[in-house]
Amino acid sequence: FKEKYLALLISNAIEKSTDVKVPYKDASASPERECEILIGETDRPESKTAIEMAGDGDIVIAVINKKIVIWASSDELYDALEHEVAVSEAEAEMRID
């Protein structure tokens, strides 16, 4: 659930700042694409690589095989990521106004 919420926040932030729509799709229910944003543990090999890179208490944000991969080792870290996305989006809106 945390991963889906973060994905929707990121999708909305991208759309607001670029006018490019980035739809949310569950990776396990969607065909693999060359460029994707993967959040959390998915069935994609890039997600598995991110998990292998991480230790306890880590957040991984990396580009692996043309895919942005985001993984956090706990719900608290996903909460922190959500907070950062929300703050960044609010700051961007203040600069626009």
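## A polar contact at T42

A polar contact is a pair of N or O atoms within 3.5 Å. In this predicted model, T42 offers an example: a polar atom of its side chain lies 3.1 Å from the backbone nitrogen of R44.

T42 sits in a loop. Strand β1 (37-39) comes before that loop, and helix α2 (45-53) follows. Is T42 buried or exposed? Its relative accessibility is 15%. Buried means under 20%, so T42 counts as buried.

Which residues does T42 touch, once neighbours within four places in sequence are left aside? They are A27, S47 and K48. I10 is 32 residues away from T42 along the chain. The C-alpha atoms of these two are separated by 17 Å.

## Overall fold

The chain has three helices and three strands. From the N terminus, their order is α-β-α-β-β-α. The radius of gyration is 14 Å, and the globule rule gives 13 Å for 97 residues. The two values are close, so the chain is as compact as a globular protein of that length.

Along the principal axes, the C-alpha atoms fill a box of roughly 40 × 30 × 20 Å. Take the contacts between residues at least 6 apart in sequence: 39% of them join residues at least 24 apart.

## Surface and core

Of the 97 residues, 33% are buried. The accessible surface of the chain is about 6500 Å². Carbon and sulfur atoms account for 54% of that surface.

In soluble globular proteins, nonpolar side chains tend to be buried together. Here, the largest nonpolar core holds 21 residues. Which of them touch the most other members? They are L6, I39 and Y78. At least two core residues come from each of α1 (2-18), β1, β2, β3 (67-72) and α3. Helix α1 gives the largest share, with five residues.

Y78 has contacts beyond its neighbours up to four places away in sequence. Its partners include K2, E3 and L6. I39 and G40 also touch Y78, as do I70, W71 and A72.

## Confidence

How confident is the prediction, and where does confidence peak? The mean pLDDT of the chain is 86. A score of at least 70 is reached by 96% of the residues. Strand β2 (residues 59-64) has the highest confidence, at a mean of 94. Helix α3 (residues 75-96) has the lowest, at 80.

Technical notes:
Residues are numbered from 1 along each chain as its sequence is written. Side-chain values use heavy atoms; hydrogens and water are left out. Helices (H or I, at least four residues) and strands (E, at least two) are DSSP runs, numbered from the N terminus. Buried means under 20% relative accessible area, exposed over 50%, partly exposed in between (1.4 Å probe, protein chains only). Contact means heavy atoms within 4.5 Å. A polar contact is a pair of N or O atoms within 3.5 Å; within protein, one must be able to donate a hydrogen and the other to accept it, and residues adjacent in sequence count only if both atoms are side-chain atoms. pLDDT is the predictor's confidence in each residue, from 0 to 100. The radius of gyration is taken over C-alpha atoms; the globule rule is 2.2 Å times the number of residues to the power 0.38. Accessible areas come from the Shrake-Rupley method with a 1.4 Å probe; for residues, only the protein chains shown count as cover. A nonpolar core is a set of buried Ala, Val, Leu, Ile, Met, Phe, Trp, Tyr and Cys residues joined through side-chain atoms within 4.5 Å.
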